[in-house]
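Biologist: Hi! I have this one open and would like to talk through it with you. Could we begin with the charged side chains?

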Amino acid sequence: SCDRGRLKIASAAMAARCRLAARFHRVHGANVRLDASRTRATRVESFAHGLCFSQEPLAPGQVFLVEIEEKEPGWCGHLRVGLTALDPQRLDAVPEYSLPDLVNMGDTWVFAITRSHNRVVVDGEEAPARGPPGEPFLQIERVRIPRDTLVGRSRPGRYSHILDDLYKTNVLPATARRSRIGVLYAPQPDGTADMHILINGEDMGPSARRLPAARPLYAVVDVFASTKSVRVIPVEYGFPSLQTLCRLVIQKHIVHRLAIDGLDLPPPLRSFCDE
């Protein structure tokens with residue numbers, strides 16, 4: 001009972017922190033424009049100067065999650081994500097690129113998201129196994145995250161159910177529009193941390209090790225090249241909401257998501273299920 005109580009308090013504290021941190025820092029690259037809520041970042045010129053940071057340092061196990069909203073054909077390269085121990089507010093100038101400029105400043109770990117999986121495996125180590133199909137939680141170390149929020153979703157349309165199946169199996173390229181990319185760090189017993197990149201609800205495993213867990217670590221999102229606009233997605237912790245569970249049950253029992261419009265549902269729930 002005491003353990004459950006502590007878990008609920010910890011989950012509530014994490015949720016409150018995540019709501020505050022689920023936006024971009026006021027400091028960003030020269031070609032970035034943020035919306036009024038600072039949850040949407042758009043690169044308005046060129047293919048570079050698209051660096052963004054989380055508003056606050058991340059807590060251990062806290063996911064900074066973005067969804068790719070717009071693409072810009074004609075450029076070579078995609079979104080880049082990672083973590084930095086550098087305080088954005090203290091930068092003399094925001095570098096043009098995360099790779100290599102920001103990384104070369106030290107205490108920064110950034111990886112380019114590619115069309116294939118960004119799974120990094122140390123020699124002699126097996127790749128982390130995927131959870132069972134339909135598993136509602138993603139487990140990383142001691143952190144449990146409801147998977148539904150982490151998975152990109154197509155907009156309702158004739159073939160949306162097929163696209164959703166592709167997202168669930170992570171067959172659709174990680175760089176596709178509506179794909180969701182997250183980054184977090186997991187503390188280790190030796191006082192350091194491992195950085196994990198999440199792609200549509202799948203953990204790519206440790207992408208970098210021995211990060212200084214005692215120092216504040218900010219998320220880095222580089223809106224680079226063919227990625228033109230991204231949006232921060234707030235992540236739920238603890239147990240999925242009743243609304244989320246209702247959506248999962250409804251979508252599981254219909255052939256096509258357009259059929260939701262014909263169901264006798266309250267308009268807010270119908271709209272939520274269409275997302």
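Modeller: Happy to. Glu-70 forms a salt bridge with Arg-40, with 2.8 Å between the closest N and O atoms. Keep in mind that this is a predicted model.

Biologist: Where do Glu-70 and Arg-40 sit in the chain?

Modeller: Glu-70 is in strand S4 (residues 64-71) and Arg-40 is in strand S2 (residues 40-43). The two are 30 residues apart, so the pair links distant parts of the chain.

Biologist: And is Glu-70 buried, partly exposed or exposed?

Modeller: Glu-70 is partly exposed, with a relative accessible area of 30%. Its partner Arg-40 is also partly exposed, at 25%.

Biologist: How many salt bridges turn up in the whole structure?

Modeller: A search of the whole structure gives 11. One of them joins the side chains of Asp-190 and Arg-210, at 3.0 Å from N to O.

Biologist: What does the bridge between Asp-190 and Arg-210 tie together?

Modeller: Asp-190 lies in the loop between strand S9 (180-187) and strand S10 (192-199), and Arg-210 lies in strand S11 (residues 202-212), so the bridge ties together parts that are 20 residues apart in sequence. Asp-190 is partly exposed, with a relative accessible area of 48%, while Arg-210 counts as exposed at 60%.

Biologist: Which residues are joined into a network by salt bridges that share partners?

Modeller: Arg-40, Glu-67, Glu-69, Glu-70, Arg-178, Arg-180 and Arg-231 are joined into one network that way. So the Arg-40 and Glu-70 you asked about earlier both belong to this network.

Biologist: Nice. What about Arg-90, what does its side chain meet?

Modeller: The side chain of Arg-90 meets that of Asp-87 in a salt bridge, at 3.8 Å from N to O. Arg-90 counts as exposed, with 70% relative accessibility, whereas Asp-87 is partly exposed at 25%.

Biologist: Changing topic to the fold. What is the strand order in the open sheet of seven strands?

Modeller: The order is S1-S2-S13-S4-S9-S10-S11, and the pairing is antiparallel. Strand S1 (32-34) and S11 are the edge strands, each pairing on one side only. From one strand to the next, the twist averages 25 degrees.

Biologist: How many bridges are there between S10 and S11?

Modeller: There are six, in the antiparallel sense. As one example, His-196 has Pro-206 in S11 as its bridge partner.

Biologist: Which side chain does His-196 contact through polar atoms?

Modeller: That would be Asp-203: a polar contact of 3.0 Å joins the two side chains. Asp-203 is found in strand S11. A polar atom of the Asp-203 side chain also lies 2.8 Å from the backbone nitrogen of Gly-205.

Biologist: Is Asp-203 buried or exposed?

Modeller: Asp-203 counts as buried, because its relative accessibility is 13% and the cut-off for buried is under 20%.

Biologist: Last topic, the chain overall. What does the secondary structure come to?

Modeller: The protein chain has six helices and 13 strands. Of its 275 residues, 51% count as buried.

Biologist: And what share of the contacts joins residues at least 24 apart?

Modeller: Among contacts between residues at least 6 apart in sequence, that share is 69%.

Biologist: How much of the accessible surface belongs to carbon and sulfur atoms?

Modeller: The accessible surface of the protein chain comes to about 13900 Å², and 57% of that belongs to carbon and sulfur atoms.

Technical notes: Residues numbered from 1 in each chain as written. Predicted model: local features only at pLDDT ≥ 70, side-chain atom pairs only at ≥ 80, totals over all residues. Heavy atoms only, no water. Salt bridge = Lys/Arg side-chain N within 4 Å of Asp/Glu carboxyl O. Helix = DSSP H or I, 4+ residues; strand = E, 2+ residues; numbered from the N terminus. Buried < 20%, exposed > 50% of the residue type's maximum accessible area, 1.4 Å probe, protein only. Contact = heavy atoms within 4.5 Å. Areas by Shrake-Rupley, 256 points an atom, 1.4 Å probe, with all protein chains shown as cover. Pairing = 2+ DSSP bridges. Axes fitted to C-alpha atoms, helices over the stretch in contact; angles between N-to-C directions. Polar contact = N/O pair within 3.5 Å; in protein donor to acceptor, adjacent residues only side chain to side chain.
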